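Welcome, and please open the structure in your viewer. Could you set it to a cartoon view and keep the selection tool at hand?

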Amino acid sequence: MTRIENAFKNKPIFMPYFPLGYPDLETSIDVIEALANNGADLIEVGLSFSDPLADGPVIQQATQVALEKGITVKKSLAAIAELRKRGVTIPFILMGYFNPMLAYGLEKFVHDAREAGADGFIIPDLPLEEAEEFQALVGDMPLIQMLAPTSPNERMESIARNAKGFIYLVSVTGVTGARTAISDDLGDLIQRVREHTSAPVCVGFGIGTTEQAKQVGQLADGVIVGSACVKLIGSSEKPVEIAKQFAKRFSKAIK
């Protein structure tokens, strides 16, 4: 059983997102360790890029700071390895964009990510139709696909049917960022996806409060919290302590 499969034995799972290098590299490693040790079941680890097309202002600003502080793909993978050395065992999904991976060298990137201890990938600007080369390289490591309310039925069926690891279901149209309410149509959307797959369905984008997380957790197999996590932790003078509290609150709300 893979680490991802093991994480979903106790559904719904809590999956925070946090970018490496923000507010600096060492702090981000400590924050991710704190999230992992205080309730996160799986972590979406951000690889910073200068043009993050799927991300809203909070994550854009955080990744820009990380880039200005000198974060690179190589340093990010070394940070994953450091977290494994510290004894963190929950799954890490690397969330990043295709250009930096291409520049690093795809085969080397996949090899080094596997060696560091990554468990899978989310690449918003690599559609399924163009992912054949990358999927051949990753083998049994899942390339997590994203679906949205605007996904045509045919595409939704194709992605869901071939899903590995889990499906990342975007709950709203637009970029990442907390919203004031969960869509009334979310339950129907999740059901549409589940008609075509047995893979877990995790919902992200727009979840900013514990109450929203609880609502989504009653419908989905996993709850992904990005912008709210980055904003609260990144704006604190004690980011590691806030990360501990954040993970505990959201995990408790979802479970």
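This is a stop-by-stop tour of a predicted model.

**Stop one: the sheet**

Start by selecting the strands. Nine of them form an open sheet with parallel pairing, in the order E5-E4-E3-E2-E1-E9-E8-E7-E6. Now look for the edges: strand E5 (143-144) and strand E6 (146-147) stand there, and each has a single partner strand, so one side of each is left without a neighbour in the sheet. As background, strands of a sheet pair through backbone hydrogen bonds, either parallel or antiparallel.

Next, select residues 92-95 and 120-122. These are strands E3 and E4, which run parallel and are joined by three bridges. To see one pair of bridge partners, pick Met95 and, in E4, Ile122.

**Stop two: helices on the sheet**

Add residues 73-85, which make up helix H4. H4 packs on the sheet and touches strand E2 (43-46) as well as E3, and its direction makes about 170° with that of E3. Then move to residues 227-234, helix H11, which also packs on the sheet. H11 touches E1 and E9, with its direction at about 55° to that of E1.

**Stop three: one side of helix H10**

Select residues 210-217 to bring up helix H10. Which residues of H10 are buried? They are Gln212, Ala213, Val216 and Gly217. These four cover an arc of only 135° around the axis, which puts them on the same side of H10. The general pattern helps here: an α-helix has 3.6 residues a turn, so residues three or four places apart point the same way. To see what covers the buried residues of H10, show its surroundings, which include helix H9 (186-194), strand E8 (201-204), strand E9 (222-225) and helix H12 (239-254).

**Stop four: backbone surprises**

Keep one rule in mind for this last stop: most residues other than glycine have a negative phi, and most peptide bonds are trans.

Zoom in on Lys11 and Pro12, where the peptide bond is cis, with omega near -5°. Pro12 sits in the loop between helix H1 (3-7) and strand E1 (13-19). Another cis peptide bond joins Tyr22 to Pro23, with omega about -5°. Pro23 belongs to the loop between E1 and helix H2 (25-37).

Finish at Phe205, in the loop between E8 and H10. Phe205 is not a glycine, yet its phi is positive, about 75°. Is Phe205 buried or exposed? Phe205 counts as buried, because its relative accessibility is 7%, below the 20% cut-off.

Technical notes. Residues are numbered from 1 along each chain as its sequence is written. This is a predicted model: local features need pLDDT of at least 70, side-chain atom pairs count only at pLDDT 80 or more; totals for chains, interfaces and linings use all residues. Side-chain values use heavy atoms; hydrogens and water are left out. Buried means under 20% relative accessible area, exposed over 50%, partly exposed in between (1.4 Å probe, protein chains only). Helices (H or I, at least four residues) and strands (E, at least two) are DSSP runs, numbered from the N terminus. The arc is that of the directions from the helix axis to the C-beta atoms. Contact means heavy atoms within 4.5 Å. Two strands pair if DSSP finds at least two bridges between them. Axes are lines fitted to C-alpha atoms, for helices over the stretch in contact, and angles run from 0 to 180 degrees between N-to-C directions.
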